[in-house]
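Please open the model in your viewer and keep the sequence panel beside it. The tour below moves from one selection to the next and says what is to be found at each stop.

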Amino acid sequence: MAVNSTQTRTRSTTRTGRTAATPAVPARRTRPGQVAPAPPHPVPIAGTRPKPSASAADVVTACLKVQVATLRSLEPAVRADEFDAVHQMRVTTRRLRAILRSFGSVIPRSRTAQVAAELKWLGGLLGEARDGEVLPKHLLASLETVPVELLIGPVRARVQGHYAPRRAAAREVVIEALDSERYAELLGDLDQLALDPPLGPQAGAPARDVLPAAVHKAYRQAKRRMRRARQAPRGQARDVALHEARKSARRARYAAEAARPASGKPARTFARQMKKVQSVVGDHQDTVIARQAARELGINAHLAGENAFTYGLLHEQEHDQAERLQARARTVWNKASRPRHRKWMR
């Protein structure tokens, strides 16, 4: 993580005896004219990468430190409305939640439930802001494929005019959240969790013996949900089932990435396979949201006395794309779930 030149660097000793560099935390502005005091303890950042022989607690805690530091480092970029910053912060909240959920035998979930709930709150706000960025771009890109003679009415202008105020409102909500005491408390809880986590029954066991089993559990959930999605009837039921399968594939990916220091290349390879599944099913979810948006825009255009033909065309295009992505998702999953990608979990 980049450190501002005006900040000083301190050294803190971890519970395992290793030292890790931590930047001093500048005071955060909570609202105009008011400055909140800095946290009473230094912010944890990644130190030495755990060895393959490290304990499960060492590996999971090191991963937590990386993600907590990443979350903090992204805040200025989100405030400055930099490109992709909202998305990256949202991803970080998801990674943190996946770590807490996947490795409950290392860090008990009963002791982290409140932090996980607050991460879900923050991620939800960031998701609204992210949708306000991505959805209009998706729709405008789809319009580029529509022949000019089928673009009836001020379609592009309506898309832009519809989402610009929504994006601004969602961004304002995010900034208010970052200025809130609730967010400050979340950061403090995350710092404490990364510095001195509660330890579960398998915390002291070798990571290479504990973490693969946790990844396998996440994989099994993804497998069940992908099967359920294939068996679901076409339409909303399948759309919802695929979205749930995507969440499980994402969790399995993040868990495998966290286990990589102990499990090496096999964990990295499996994580890449799950990323492919997550990407395809994520593209499918984009078509679901785009269809909902096209319908809403078409209704608004009709009520305004405009021709809604093009919005119907957009809806149909997204539906056809969804059908192709469903077939693609089955193929990608079949490759990702091959036994050779999972031998290391046993």
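**The largest pocket**

Begin with the largest pocket, whose volume is about 1300 Å³; bear in mind throughout that this is a predicted model. To centre the view, select Arg90, Arg94, Arg246, Lys247 and Arg250, which are the closest to the centre of this pocket among the 44 residues that line it. Next, colour the helices α2, α3 (113-143), α6 (207-231), α7 (236-263) and α8 (265-303), since each of them supplies at least two residues of the lining of the largest pocket. Which helix gives the largest share of that lining? It is α3, which contributes 14 residues to the lining of the largest pocket. If you then colour the lining of the largest pocket by residue class, you will find 19 charged residues, 14 polar ones and 11 nonpolar ones.

**Helices α1 and α2**

Stay with α2, one of the helices that contribute to the lining of the largest pocket, and add its partner to the selection: helix α1 covers residues 56-79 and helix α2 covers residues 85-102, and the two pack at an angle of about 160 degrees, with their axes 9 Å apart. An angle over 145 degrees counts as roughly antiparallel, so α1 is described as roughly antiparallel to α2. The crossing of these two helices, α1 and α2, is left-handed.

To see the contact itself, show the side chains on both helices. On the α1 side, the residues that meet α2 are Val60, Cys63, Leu64, Gln67, Val68, Thr70, Leu71, Leu74, Glu75, Ala77 and Val78, while on the α2 side they are Ala85, Val86, Gln88, Met89, Thr92, Thr93, Arg95, Leu96, Ile99 and Leu100. By class, the residues of the contact of α1 with α2 comprise 14 nonpolar, 5 polar and 2 charged.

**The largest cavity**

Now look for enclosed space, of which the structure holds 2 cavities of 30 Å³ or more. The largest cavity has a volume of about 60 Å³, and to find it you can select its lining residues, namely Val78, Asp81, Val86, Ala129, Glu133, Arg167, Arg171 and Val174. Val78 and Val86 will be familiar from the previous stop, where they belong to the contact of α1 with α2. Both α3 and α4 (155-178) supply at least two residues each to the lining of the largest cavity, and α4, with 3 residues, provides the largest share. The lining of the largest cavity divides into 4 nonpolar and 4 charged residues, with no polar ones.

**Helices α3 and α9**

Follow α3 to its packing with helix α9 (residues 309-336), where the angle is about 100 degrees and the axes lie 11 Å apart. Angles of 65 to 115 degrees count as roughly perpendicular, and α3 is therefore roughly perpendicular to α9. Select His138, Leu139, Ser142 and Leu143 of α3 together with Thr310, Leu314, Gln317 and Glu318 of α9, which make the contact. The contact of α3 with α9 has 3 nonpolar, 4 polar and 1 charged residues.

**The second largest cavity**

For the last stop, select Met226, Ala229, Arg230, Arg238, Leu242, Gln326, Ala329 and Arg330, which line the second largest cavity. Here α6, α7 and α9 are the elements that give two or more residues to the lining of the second largest cavity. The space in the second largest cavity is about 40 Å³, and its lining divides into 4 nonpolar, 1 polar and 3 charged residues.

Technical notes: Residues are numbered from 1 along each chain as its sequence is written. This is a predicted model: local features need pLDDT of at least 70, side-chain atom pairs count only at pLDDT 80 or more; totals for chains, interfaces and linings use all residues. Side-chain values use heavy atoms; hydrogens and water are left out. Axes are lines fitted to C-alpha atoms, for helices over the stretch in contact, and angles run from 0 to 180 degrees between N-to-C directions. Helices (H or I, at least four residues) and strands (E, at least two) are DSSP runs, numbered from the N terminus. Angles under 35 degrees count as roughly parallel, over 145 as roughly antiparallel, 65 to 115 as roughly perpendicular and the rest as oblique. A crossing is left-handed if the near helix is turned anticlockwise from the far one by less than a right angle, and right-handed if clockwise. Contact means heavy atoms within 4.5 Å. Ala, Val, Leu, Ile, Met, Phe, Trp, Tyr, Cys and Pro count as nonpolar, Asp, Glu, Lys and Arg as charged, and the others, Gly among them, as polar. On a 1 Å grid over the protein atoms alone, a cavity is a set of points where a 1.4 Å probe fits but cannot get out, and a pocket is an open set with protein on both sides within 12 Å along at least five of seven lines; lining residues have an atom within 4 Å of a point. Grid points are joined across faces, edges and corners, and a volume is the space filled by probe spheres set on the points.
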